[in-house]
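Trainee: I'd like to learn how to read a protein model. Can you walk me through one, a feature at a time?

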Amino acid sequence: EYIVDMPVSGTVLRIDLEEGDEVERGQIVARVDPYDLEQHLRQLEAQIKQRNAQILGVDVAKPKNEDIESAQLRVNEMANALEIAEKAHSVARANFEEAKRNYDRAQGLLQAGAASESYLDEAERRFLAFEAEFNQRAIEIERARQALDQARLAEQRLVGSVDDNEYQRDVLFAEIEALKAQAAMVAEDLKKTEIRAPVSGPILDKYVEDSRVLPEGTELLRLGDMNSIEIECDVLSEEVTAINPGDKVVIHGKALRGNVIEGAIQRIYPSGFEKISSLGVEQQ
């Protein structure tokens, strides 16, 4: 007897064979839906291609001297831009402070009756305009400072990554080897999705009927190899000493329809047991 089980976890498709059907050795007796495994294999193959492309791009991505020089020029440009923004901010501060003094003076003159409403309105307008400009210059300083910080960071990354390409290459090669190993395992599992009969003979039992998700090792069918029949029989302990492996035996009975089959003793169990016979006698 041979048990056919799930070689991999997955969805087993409906088994059309029934008990008593004869199958040939190597015949497909069940199938596992290969879709998930096929998609997983495609994903792994795509990742391998991606890693190979990244390896080709390592040298291209390696910073060149002109890239570093360009980054340094960018830092200098951002530093100059920050300096200009700071000077503009200083001028805006002076204009704002002067406009505020004039506005405060205009309010005092208006209260003393020495200035008109229009004079105060003009002072207020200039004060608000210079205040807005002062605030805008402050924002520009912050932006220029952030741009300078980003330029310096970019320059540091370029300089620090000059020797990183070999490390990246080794990492990518290691990832490719790991992905290839996974792909080989998945490809091997794909081969197992077609479950074949290990021997020729009848189907003795069918444990699964409809399609369902099953774990690896779940029993599906039990097959019988009619070319290799084995009989187990009980022998009294007082008679077993006269029996040895290899001795010839004669097999007969109703199941053989009068035929007689010759066989040989294959092995003797190493331990005995007790049981009650049909006559109620305890036998060893």
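**Reading the model**

Mentor: Sure, let's begin with the core. This is a predicted model, and its largest nonpolar core has 19 residues, of which Val23, Val29, Ile195, Leu220, Leu221 and Leu223 touch the most other members. Strand S4 (28-31) and S8 each give two or more residues to this core. S8 gives the most, with three residues.

Trainee: What is the general idea behind looking for a core?

Mentor: In soluble globular proteins, nonpolar side chains tend to be buried together. Here, a second core lies apart from the largest one; this other core has 12 residues, including Leu37, Leu44, Ile55 and Val58.

Trainee: Which residues does Leu221 touch, leaving out those up to four places away in sequence?

Mentor: Quite a list! Leu221 touches Tyr2, Ile3, Val4, Ile15, Val29, Ile203, Asp205, Lys206 and Tyr207. One of these contacts, Lys206, is also the bridge partner of Leu221 in S8.

Trainee: Bridges bring us to sheets. In what order do the four strands of the open sheet come?

Mentor: To read a sheet, go across it strand by strand. The order here is S1-S8-S6-S3, with antiparallel pairing. At the edges are strand S1 (2-5) and S3, each of which pairs on one side only.

Trainee: How many bridges join S6 to strand S8?

Mentor: Three bridges join S6 to S8 (residues 219-223), and the two run antiparallel. One pair to look for is Ile203 with its bridge partner in S8, Leu223. On the S3 side, S3 (residues 22-23) pairs with S6 (residues 201-206) over two bridges, also in the antiparallel sense. There, Val23 stands opposite Gly201 in S6. Val23 is also among the residues that touch the most other members of the largest core.

Trainee: Now a single residue. Is His89 buried or exposed?

Mentor: For this one you need a cut-off: a residue is buried under 20% relative accessible area. His89 counts as buried because its relative accessibility is 12%. You'll find His89 in helix H2 (residues 65-112). Leaving aside neighbours within four places in sequence, His89 is in contact with Phe134, Arg137, Ala138 and Ile141.

Trainee: And how do I read the empty spaces?

Mentor: Rolling a probe the size of a water molecule over the atoms shows where empty space is left. In this model, the largest pocket holds about 1200 Å³ of space. It has 31 lining residues, and those closest to its centre are Ile231, Glu232, Cys233, Val235 and Arg267. Helix H5 (237-240), strand S9 (248-251) and strand S10 (261-264) are the elements that give two or more residues to that lining. S10 has the largest share, with four residues.

Trainee: How do the residues of that lining of the largest pocket divide into nonpolar, polar and charged?

Mentor: The lining of the largest pocket has 17 nonpolar, seven polar and seven charged residues.

Trainee: How much space lies in the second largest pocket?

Mentor: About 260 Å³. Its lining is made up of Glu1, Tyr2, Leu204, Gly224, Asp225, Met226, Ser228, Ile229 and Glu230. These divide into four nonpolar, two polar and three charged residues. You've met one of them already: Tyr2 is among the residues that Leu221 touches.

Conventions:
Residues are numbered from 1 along each chain as its sequence is written. This is a predicted model: local features need pLDDT of at least 70, side-chain atom pairs count only at pLDDT 80 or more; totals for chains, interfaces and linings use all residues. Side-chain values use heavy atoms; hydrogens and water are left out. Two strands pair if DSSP finds at least two bridges between them. On a 1 Å grid over the protein atoms alone, a cavity is a set of points where a 1.4 Å probe fits but cannot get out, and a pocket is an open set with protein on both sides within 12 Å along at least five of seven lines; lining residues have an atom within 4 Å of a point. Grid points are joined across faces, edges and corners, and a volume is the space filled by probe spheres set on the points. Ala, Val, Leu, Ile, Met, Phe, Trp, Tyr, Cys and Pro count as nonpolar, Asp, Glu, Lys and Arg as charged, and the others, Gly among them, as polar. Buried means under 20% relative accessible area, exposed over 50%, partly exposed in between (1.4 Å probe, protein chains only). Contact means heavy atoms within 4.5 Å. A nonpolar core is a set of buried Ala, Val, Leu, Ile, Met, Phe, Trp, Tyr and Cys residues joined through side-chain atoms within 4.5 Å.
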